[in-house]
Amino acid sequence: MLLPVFTLKLRHKISPRMVAIGRYDGTHPCLAAATQAGKVFIHNPHTRSQHFSASRVFQSPLESDVSLLNINQAVSCLTAGVLNPELGYDALLVGTQTNLLAYDVYNNSDLFYREVADGANAIVLGTLGDISSPLAIIGGNCALQGFDHEGNDLFWTVTGDNVHSLALCDFDGDGKKELLVGSEDFDIRVFKEDEIVAEMTETEIITSLCPMYGSRFGYALSNGTVGVYDKTARYWRIKSKNHAMSIHAFDLNSDGVCELITGWSNGKVDARSDRTGEVIFKDNFSSAIAGVLEGDYRMDGHPQLICCSVDGEIRGYLPGTAEMRGNLMDTSVEQDLIRELSQKKQNLLLELRNYEENAKWEDVLQAESSSPLNEADGSRGIIPANTKLHTALSVNLGHETQAAHAELCISTSNDTIIRAVLIFAEGIFLGESHVVHPSIHNLSSSICIPITPPKDVPVDLHLKTFVGYRSSTQFHVFELTRQLPRFSMYALTSPDPAREPLSYVNFVIAERAQRVVIWLNQNFLLPEDTNIQNAPFQVCFTSLRNGGQLYIKIKLSGEITVNTDDIDLAGDIIQSMASFFAIEDLQVEADFPVYFEELRKVLIKVDEYHSVHQKLSAEMADNSNLIRSLLVRAEDARLMRDMKTMKNRYMELYDLNRDLLNGYKIRCNNHTELLGNLKAVNQAIQRAGRLRVGKPKNQVITACRDAIRSNNINTLFRIMRVGTASS
């Protein structure tokens, strides 16, 4: 049994996911954590007589070995590590919704303090790609930003949605780190510097990411799922009714391979095998886990796994000895496993008994008669040996009582009936599974199931179909997998020139028309009698979600035009084609007049909100000076026993304070509106980038940012249209 080698109980609450260990003097590991009150505490058990002179840090009145760092804002992310290798010790990095602070704890000084308009929801520290200096990379409002030790902005790009988690990992095995980004749109994106090299779609918001070893990494979702990927292949995942608060890779059983350590919202900590997800160790805290990390906190040369709860309880675990390799759980847990295995054994024995009884029943039937099995025989669950299951995917345009949808039809090859269908699919059904169980009066040999995927991504449908007869008490289960094409929510329709979208993307690829037709067949649900001739040709689709039109036109020259008012759909089509045809670089001409006009309005609002922000900041600075003056004058009046003047000055202070509070509320509302509009701008840059592939994509994103920095809106729209700022 693995027991903690130390336990601490600090009298400070810890905010979830905001814990870090750093050697802030280059020698002694100290734990830093954010509190709910806009402070960061630093626990230093090694040097108890440390004194601070500056106003930002002060000694905790509760504990002699805890110092408090005043942030005066809600802390949104926190980490520690080497930011400047020349210093020889770690820096503490604290992010809020408006600023990033890089702090030198040892010298009690700011390394830099930067305003970040997009906020800081997540932070990671390390080297990225070919950028030589370590970067503090923050993820915020659809944007990623990296700062060096001087606060220089060396890295910037956009991503699809608000960032919730970041990690650095050698994803492609080239010896350089890539950036893993988990966001609100359920996607894990892998950035090789500012280029997206891989995307994995999950079923919920990605709340945590951690590198394990090589190209393997762990992840956690907001719905209680944790698992492990190796590159784009998911190794395993489990789902809990509790939330994963923190994950970390640590070799707890000394087998040379890191396990995935998870801290849960119910106070449980468990370690799972990276290969199978099997639990090899678990422990329980009295409150939710705030963070899981590692460090040599006892300074004895042996790193410990360190788990912190939100109530301030900290436990350190040493890895198991070589003799303890494998499962580290105690005997009571082993007994739970034995009970679980015993239950599985009983279930398997029951299943075996059913098979044996069915086999005996078949022998009796064959002895009595050579006639084929009938429905009466089917009461035992026996179906004809040649029974097959057929599946077909199609588009259903719907009717008055039912919305348009994609449709999965399942049928048997004889008179057997389908009693139930279980479908497992990610991101389509609530809870990832869907059960269709027709009433006894509607049983037949075929069933059609409506499917409405919310996003245009290819989805594997894992089917379990129960087949038997009406009187059956046992059913044969057919298991098979069908892939739902990426653009299954678009129906092939006749072109209508009056409804053809004005927005378009235009590009040239060196591919034969027949290959484009193959791509269409693989990615859309085309009717079986569809016969698309050689180029030139055009196809028209109608969205089953909103009735929007999509035209794809191919010319003899290889020029392709995609007409749609949905810029996200245009980007999805280009990325799908690039993947299918293995296109590395693709320049595109695009125009989305309605979308660009909306974006122009957003940019004007951003300017207005920036102006208001600057005006309010100036007013606050003026009021701060006035407060100092009024306080001095009020105190002077008190010392001179001029009570009337003193009272007047304090009344003025009271009024000024009320004005400041009102101004602060206006500033908060202004900041919230500004963030919303900045998100729209960052998403627009991301969408303009997704219309291109490879180098043109990176060039568009960089050029768009430069245009926004210089406040050149006309140049920005030119870049989005043609991909370059030059005429």
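Let's start with the disulfide. C409 is joined to C448, with the sulfurs 2.4 Å apart. Keep in mind that this is a predicted model. A disulfide is a covalent bond between the sulfur atoms of two cysteines. How many does a search of the whole structure find? One.

Which strands does this pair tie together? C409 sits in strand β31, residues 405–412. C448 sits in strand β34, residues 446–451. The pair therefore links parts that are 39 residues apart in sequence. Now the geometry. The torsion about the S-S bond is about 105 degrees, so the disulfide is right-handed. As for solvent, C448 is partly exposed, at 43% relative accessible area.

What about C210? C210 is in no disulfide. Its nearest cysteine sulfur belongs to C258, 8.9 Å away. C210 counts as buried, at 5% relative accessibility.

Next, C704. Why is there no bond here? The closest cysteine sulfur is in C142, and at 15 Å that is too far for a bond. Is C704 buried or exposed? Buried, with a relative accessibility of 0%.

C704 brings us to helix α6. It runs over residues 695–709, 15 residues in total. From first C-alpha to last, α6 reaches 21 Å, close to the 21 Å expected at 1.5 Å a residue. The buried residues of α6 are P696, K697, N698, V700, I701, A703, C704, R705 and A707. So what covers them? The cover includes three strands: β13 (143–147), β14 (153–158) and β18 (195–201). It also includes two helices, α5 (643–690) and α7 (713–722). Just after α6 comes N711, with a positive phi of about 55 degrees.

There is an annotation here too. In an unreviewed entry, UniProt places "domain: BBS2 C-terminal helix bundle" at residues 695–721. In the model, that span is 89% helix and 0% strand. Its end C-alpha atoms lie 16 Å apart.

On to M720. It belongs to the largest nonpolar core, which has 89 residues. M720 is among the six that touch the most other members. The others are L461, V505, F507, F524 and I552. In soluble globular proteins, nonpolar side chains tend to be buried together. What is M720 in contact with, leaving aside neighbours within four places in sequence? A590, F596, L599, A684, I685, A688, R692 and C704. Note C704 in that list; it is one of the buried residues of α6.

Now some loops. Most residues other than glycine have a negative phi. N72 has a positive one, near 65 degrees. N72 lies in the loop between β6 (66–70) and β7 (77–81). Its relative accessible area is 64%, so N72 is exposed.

E193 also has a positive phi, about 55 degrees, although it is not a glycine. Where is E193? In the loop between β17 (187–192) and β18. E193 is partly exposed, at 25% relative accessible area.

Last, D161. This residue is in the loop between β14 and β15 (163–169). Is D161 buried or exposed? D161 counts as buried, at 13% relative accessibility. Setting aside neighbours within four places in sequence, D161 is in contact with C142, S183, E184, D185, R189, K679 and Q683. We met C142 earlier, as the residue holding the cysteine sulfur closest to that of C704.

Key
Residues numbered from 1 in each chain as written. Predicted model: local features only at pLDDT ≥ 70, side-chain atom pairs only at ≥ 80, totals over all residues. Heavy atoms only, no water. UniProt positions renumbered as here; feature names shortened; annotations may be inferred. Helix = DSSP H or I, 4+ residues; strand = E, 2+ residues; numbered from the N terminus. Disulfide = S-S within 2.5 Å. Buried < 20%, exposed > 50% of the residue type's maximum accessible area, 1.4 Å probe, protein only. Expected span 1.5 Å × (residues − 1). Contact = heavy atoms within 4.5 Å. Core = buried A, V, L, I, M, F, W, Y, C linked by side-chain atoms within 4.5 Å.
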